[in-house]
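Load the model, switch on side chains, and keep a selection box handy. We'll hop from spot to spot, and at each stop I'll say what to pick and what is there.

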Amino acid sequence: MNPTNNQHVLNWLNEMAAMTKPDNIVWIDGSEEQVAALRKEALASGEIIQLNQEKLPGCYLHRTTWDDVARVEGRTFICTKTKEDAGNINNWMDPAECRAKLTKLYTGCMKGRTMYVIPYSMSIVGSPFAKYGIELTDSIYVVLNMEIMTRVGFNVLEALGDSSDFIKGLHSKATLDAENRYIVHFPEDDTIWSINSNYGGNVLLGKKCFALRIASYLGRKEGWMAEHMLILGVTYPDGTKKYVTAAFPSACGKTNLAMLIPPEVFQKQGYKIETVGDDIAWLRVGSDGRLWAVNPENGFFGVAPGTNEKSNPNALHTCMKDTIFTNVCLNTDTNTVWWEGLDNNPPVHAINWKGQPWDYHTYDKADKVNTSGAHPNSRFTAKATNCPCLSPAFYEPNGVPVDAIIFGGRRARTAPLVYQSTSWQNGTFVGSIMASETTAAGAVGVVRRDPMAMRPFVGYNMGDYWAHWLEMGLKIPHPPKIFHVNWFRTDDKGNFIWPGFGDNLRVVLWILARCAGKVDADITPIGYLPKAEDICIDGLEGITLDTVRDLLSVDTAAWLEDVENIKEFYAQVGDHVPQAMYDELAALEARLKAAR
């Protein structure tokens, strides 16, 4: 019996079932009883492995196929009526051509299988931010992960009522054929199709597919923003709470910042850090004229390697219960998990991410994929409620007011430790030129532009996305101030100068002090820079005021070189780059030349 009378839902479900031909259809109601039964079924089939329930209660291990271990950008498409609407940064396919191509792959792909119908909400059901989706899948792994990552249940159907306003998601493992693996988005039809993958980022359709690609398109249409941003709360010793959002490309310490532990000197004073979100923020203008943010997710889909007691103890403790680990290493002596960077005690008897016996002596840093115990992109799917530093504001349906937006990248010399944009328009420009330098062997120092950390996630033309940012600036009476940080400046020997991790709070506190008008700053060709003495270095070993001055220095020649790279990138984005961005670029170049 169907738990809804919504004809839009039922007609679509019948159409998809007629195409995929499952033997059974099961609605997911969100109950622990049903989840437990599905878990038992997945254990029996070997789809998941139960871990040591004393040491890791409620935890399980899953392995994907060896060639299905990460998001596949080359197989991810935006299907809009015109290529221009998708833009030059996205892969585009004509919607009719795409549907015809994938319909052949989907036809009969669920024969002998069960289709699971997952009604889910991004953000709190019934809240002003809430958007609803239904994912159809033939994977219990997907069901169990979606139950952690989103708010699943029949209350979603009640909230949806008779409306057609929901995101239609269809996923099938099919044959897991890499040559026919597709993750496609039809933003004009509120539809996502994913086939031949069983890796989280490609198949948990509420995550990047809905919460960023489709939501960014909806946000532009409806006047709000969907961003690849963490949300961090800072509580001051007097009880005052402030919130910032921050966008970083991968491998730039995003989750570590979201869950940072204050240095001891700040803990003693009474500072506290709370996590509202680690990956995605939806932002709307509130009735008070400020920008308000929610984390639309209900869990964390974190990268395991490198997560440890030093880098991110809160993330580590979060995944010690009720977690699904994907492609990590199994310690067969203890039936627990391990990954590179967890500790210096690799298991003596182990099975690697491919399901093969593994000897840690064979590990070669130059060939991680083939020699590591855990895949470099291995994951944990953990409940937000288990995070030790989760903010009570996580449960706030109206979200939190945002004081500052922080952009960041990984630059060895160019970007200073922190600088502030001069306006919302200038801040949008700063976000548009965000970049990281690659660290991979053979390509060290290559600059990759990743605007707002959204390069793989904008569901339409990147130039139009920047235009939407500019338009939002005109709609927010009291906008947040916009900053850029770089934790990764290096010395002549290639060593990081700034300690990073929890000490990044020192920079965040300067940012919030600027927002409150409590500290002055120096104007430079790139924006406002702190006075070195305003960055607190109490309790920091090896960091002096001179070190801070060096971290805040602006290398004019390096920036002028960067300007040329930005021009090339803007040309790549194409005709939709707003004139305001070119104006900002020209003004930056002129200021740098004048300062030279």
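By class, how many nonpolar, polar and charged residues are in the lining of the largest cavity? Bear in mind that you're looking at a predicted model.

**Stop 1: the largest cavity**

Select Arg411, Thr414, Ala415, Tyr419, Val430 and Ile433, then add Met434, Ala435, Arg449, His484, Trp559 and Asp562; together they line the largest cavity. Color the selection by class and you get the answer: seven nonpolar, two polar and three charged residues. The space they enclose has a volume of about 90 Å³. The structure holds three cavities of 30 Å³ or more, and we'll visit another one next.

**Stop 2: the second largest cavity**

Clear that and pick Ser123, Ile124, Arg151, Val276, Ala293 and Val294, plus Asn295, Ala393, Phe394, Glu396 and Gly399, which line the second largest cavity. The volume here is about 70 Å³. Do the class coloring again: this lining divides into six nonpolar, three polar and two charged residues.

**Stop 3: a buried arginine**

Now go to strand 24, residues 379-383, and select Arg379 in it. Which side chain of opposite charge is nearest to Arg379, and how far away is it? Asp279, at 7.0 Å; Arg379 is buried yet has no salt bridge. The cut-off for a salt bridge is a side-chain nitrogen of Lys or Arg within 4 Å of a carboxyl oxygen of Asp or Glu, so a gap of 7.0 Å between Arg379 and Asp279 does not qualify.

So what does the Arg379 side chain contact instead? Show Tyr199: its side chain makes a polar contact with the side chain of Arg379 at 3.2 Å. Then turn on the backbone of Phe301, whose oxygen the Arg379 side chain reaches at 3.0 Å.

**Stop 4: salt bridges**

Side chains of opposite charge can pair when their charged atoms come close. There are 28 salt bridges in the structure; here are some to click on.

- Start in helix 10, residues 264-269, with Lys268 and Glu264. Their side chains meet in a salt bridge, 3.3 Å from N to O. Why can you find them about one helical turn apart? Because they sit four residues apart in the helix. Color by accessibility and Lys268 counts as exposed at 67%, while Glu264 is exposed too, with a relative accessible area of 55%.
- Jump to Lys531 and Asp522. The closest N and O atoms of this salt bridge are 2.7 Å apart. Lys531 is partly exposed at 25% relative accessibility, and Asp522 is partly exposed at 33%.
- Move on to helix 17, residues 556-573, and select Glu564 and Lys567, which lie three residues apart, about one turn of the helix. The salt bridge between their side chains spans 3.3 Å, N to O. Glu564 has a relative accessible area of 40%, making it partly exposed; Lys567, at 33%, is partly exposed as well.

**Last stop: a network**

Finish by selecting Lys207, Lys208, Lys254, Asp279 and Glu297 together: salt bridges that share partners join them into one network. You've met Asp279 before, as the nearest side chain of opposite charge to Arg379. Leave both on screen and you can see that Asp279 belongs to the network, whereas Arg379 has no salt bridge.

Technical notes. Residues numbered from 1 in each chain as written. Predicted model: local features only at pLDDT ≥ 70, side-chain atom pairs only at ≥ 80, totals over all residues. Heavy atoms only, no water. 1 Å grid on protein atoms, 1.4 Å probe; cavity = no way out; pocket = protein on both sides within 12 Å on 5 of 7 lines; lining within 4 Å. Points joined across faces, edges and corners; volume = space filled by probe spheres on them. Nonpolar A, V, L, I, M, F, W, Y, C, P; charged D, E, K, R; others polar. Helix = DSSP H or I, 4+ residues; strand = E, 2+ residues; numbered from the N terminus. Buried < 20%, exposed > 50% of the residue type's maximum accessible area, 1.4 Å probe, protein only. Lys, Arg positive; Asp, Glu negative; His and termini not counted. Polar contact = N/O pair within 3.5 Å; in protein donor to acceptor, adjacent residues only side chain to side chain.
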